Amino acid sequence: MGQKEYLKNQQREVLQNCGLINPENIREYIARDGYQAMGRVLTSCQPQDVIEQIKKSGLRGRGGGGFPTGRKWEYAARAVNEDKYIICNGDEGDPGAFMDRSVMEGDPHAVLEGMVIAGYAIGAHRGYIYVRAEYPVAVERMELAIKQARELGLVGKNIFSSGFDFDIEVRLGAGAFVCGEETAMLNSIAGKRGEPRPRPPFPAVAGLFHKPTVINNVETLANVGRIFLKGPEYFAGIGTEKSKGTKVFALAGKINNTGLIEVPMGVTLRSIIFDIGGGIQKGRKFKAVLIGGPSGGCIPEDHLDAPIDYDSLLKLGAMMGSGGLIVMDESDCMVDIAKFFLEFTQDESCGKCTPCRVGTKRMHEILQRITIGEGKEEDISLLKRLAEDIRKSSLCGLGQTAPNPVLSTLRFFEEEYLAHIRDKHCPAGVCSRLVRFEIIPEKCTACSICARICPVEAISGEPKKPPYFIHQGICIKCGACQAKCPFSAIAKI
Amino acid sequence: MKSLEDLKKMKEETIQAMQLKEQPEPEYRVTVGLGTCGIAAGARAVYNAFVEEVNNRKIKYVTVVGTGCAGICKNEPLVEITGADGITYTYQNLTPEKAKAVTEQHLVQKKPVEAWLLATGRSLL
Ligand SMILES: Cc1cc2nc3c(=O)[nH]c(=O)nc-3n(C[C@H](O)[C@H](O)[C@H](O)COP(=O)(O)O)c2cc1C
């Protein structure tokens, strides 16, 4: 029996309480040194010191971009205004990601503590946690945590008799990916349409209700208390030169140990997928891993030994993103995957910028025709050109990064696109219009099960006189015959 | 709460209260994973089964609590049972029926159900 075998190769910092404490009881958080960092900061640090310490720790935003948190706070601290705000970004809209949800559900007070410290640093007295309504458990636990913290005086007026006031409220989002983008979120919280607006002015100068605002990701804020508890040097001692600390990743897709992990920055994808993730399901072969969700890129076998940090991933045409890892195996078609993500971004585009609204639609149509065998040789250069235009002329990160999955699959799997276009063949056997089902004569026993299961009567033959035969013109490629054949006598080609 | 001193006092009190005692009977803490992943796999029913079973049997030395995601979502519902000796037994893929059996065998007869265990180790709490 493994001694917590699954924790091997991990380093639990942000997730130190998740799965251990009862998140609905503030005392259990306090028993684990909770709110001590906040207490010390409020009673014995100047706001400027707080910012200096965060800078020293090297903490960078975990919401995707990796912007240095200390610098973000400094800009907002310098802005002169009576009212300032802290916003915790808990939107987490990318498919396959559930890091922030788990932190909010498992250790909500760590998020609150980080927000109060951030508020103190910049001189804000009010914070909002933006969570999608599709995360009901996270919403419930955050609300309860705020209530309990308020009852103990850990948020509210005159915290720890320091004279500092800070209160926090939860704001629900309706589950739109674009509302995770900071300026769209500001509109959404203010009750307006969730559409992005140009920056500058940056939120640190004119954010929520046009007041200086810091927007930080859940995981970023959950790191803050610990940085003060253990010291910025401790934090800066983890990770790589430019990417400090740990990162939480959600493992999804064709990997054995789907779940949530935390590792120091700088470990390799190979170590995450094979040592911690337990490798690929059903003994299949690894093909690629998508990192950074619909804005990210895929990384093939050849590059699995690259260290995970903000800069190395950008060089590979992917990005850290928020930490969703979707693993794909040999049975996945990369054109189909690119199509899936483009469909997502096209759906989620708010429609404000034409290149994003119409351009992603056109790109999706091209991918659609490639997957049904009607692609043209020029389609590849057309895709690249469109991608470049959309990237350059969209206002927000959604449009700017929407072409990434297409560009990165083109970069590493161009021959797979070409197989679809030139040979009308899907090597992974996913694109149904490009595959054929055929009966293997040597294996067929003429049991007639396939002919009876076929919904369009595309299979004929005489009982007990093998082989049976599939009429390709009638076959709709549903695969029902293959699934039901007791002798594995039907092949997908 | 007015000062860091108050906070430290509450910390000490809670650690005391959470400490599992050997006397008069060895105490247990049963932690059920109630993150979205656990709930989706049926953890609420498992949690209720433990609470019900412990109440019905009028067992006083067991505390049942919920917790967040421990990270091994594919093995949910996940339940950790920690004893006064500081050793944690992690059960995987539990059902309400199995929860009742675990109560009987592990918590009453003090014999962990090996077949359903994922791991054992020192408590991290
Ligand atoms: C389309 C889009 C979606 C985003 N979704 C999220 C999200 O779900 N969570 C998040 O923290 N940041 C998201 N971001 C990034 C935010 O705009 C912002 O950079 C981030 O919350 C800043 O926090 P950080 O500095 O702590 O990373 C998104 C950005 C874009 C363009």
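How much area is buried between chain B and chain A, and what share of it do carbon and sulfur atoms give? That was my opening question today. The model I'm working with is predicted, so everything below is about a prediction.

**Entry 1: where the chains meet**

I looked up the buried area between chain B and chain A, and it comes to about 3,400 Å². Carbon and sulfur atoms give 58% of that. I wrote down this kind of number because the size of an interface is often given as the accessible area lost when the parts come together. Next I checked the contacts: 41 residues of chain B touch 41 residues of chain A.

Then I went hunting for charges. How many salt bridges cross the interface of chain B and chain A? The rule finds two. I picked out one of them, where the side chain of Glu28(A) meets that of Arg29(B), with 2.8 Å from N to O.

**Entry 2: a helix pair across the chains**

I stayed with the two chains and looked at helix α2 of chain A (residues 36–44) and helix α1 of chain B (residues 4–18). Their axes come within 10 Å and cross at roughly 170°. Anything over 145 degrees counts as roughly antiparallel, so that is how α2(A) sits relative to α1(B).

Which residues do the touching in these two helices? From α2(A) I noted Gln36(A), Gly39(A), Arg40(A) and Thr43(A). They meet Leu4(B), Leu7(B) and Lys11(B) in α1(B). I sorted the residues of this contact and got two nonpolar, three polar and two charged.

**Entry 3: a helix pair inside chain A**

Here I took helix α4 (residues 69–78) and helix α6 (residues 108–122), both of chain A. They pack at an angle of about 45°, with their axes 8 Å apart. That angle makes α4(A) oblique to α6(A). Trp73(A), Ala76(A) and Ala77(A) in α4(A) meet Ala118(A), Ala121(A) and Ile122(A) in α6(A). Sorting the residues of this contact gave me six nonpolar, no polar and no charged.

**Entry 4: a sheet in chain A**

In what order do the strands of the five-stranded open sheet lie? Reading across chain A, I get β6-β5-β9-β7-β8, with mixed pairing. The edge strands are β6 (259–264) and β8 (297–300), and each of these pairs on one side only. From one strand to the next, the twist averages 30°.

I zoomed in on β5(A), residues 246–253, which runs antiparallel to β6(A) and is joined to β6(A) by six bridges. One example I traced: Thr246(A) has Pro264(A) in β6(A) as its bridge partner.

**Entry 5: a hairpin and some odd backbone spots**

Strands β11 (459–462) and β12 (465–470) of chain A pair antiparallel over three bridges. Ile459(A) has Ile470(A) as its bridge partner in β12(A). The two strands form a hairpin with two residues between them.

What is unusual about Lys464(A), given that it is not a glycine? Lys464(A) has a positive phi of about 70°, and its place is in the loop between β11 and β12 of chain A. I flagged this because most residues other than glycine have a negative phi, and most peptide bonds are trans.

That made me look for cis bonds too. One joins Pro466(A) and Pro467(A), with omega about -5°, and Pro467(A) is in strand β12 of chain A. Another cis bond joins Glu76(B) and Pro77(B), with omega about -10°. I found Pro77(B) in the loop between β2 (62–67) and β3 (79–83) of chain B.

How values were computed: Residues numbered from 1 in each chain as written. Chains lettered and ligands numbered in written order. Predicted model: local features only at pLDDT ≥ 70, side-chain atom pairs only at ≥ 80, totals over all residues. Heavy atoms only, no water. Pairing = 2+ DSSP bridges. Helix = DSSP H or I, 4+ residues; strand = E, 2+ residues; numbered from the N terminus. Axes fitted to C-alpha atoms, helices over the stretch in contact; angles between N-to-C directions. Parallel < 35°, antiparallel > 145°, perpendicular 65-115°, else oblique. Contact = heavy atoms within 4.5 Å. Nonpolar A, V, L, I, M, F, W, Y, C, P; charged D, E, K, R; others polar. Buried area = accessible area lost by both parts, 1.4 Å probe. Salt bridge = Lys/Arg side-chain N within 4 Å of Asp/Glu carboxyl O.
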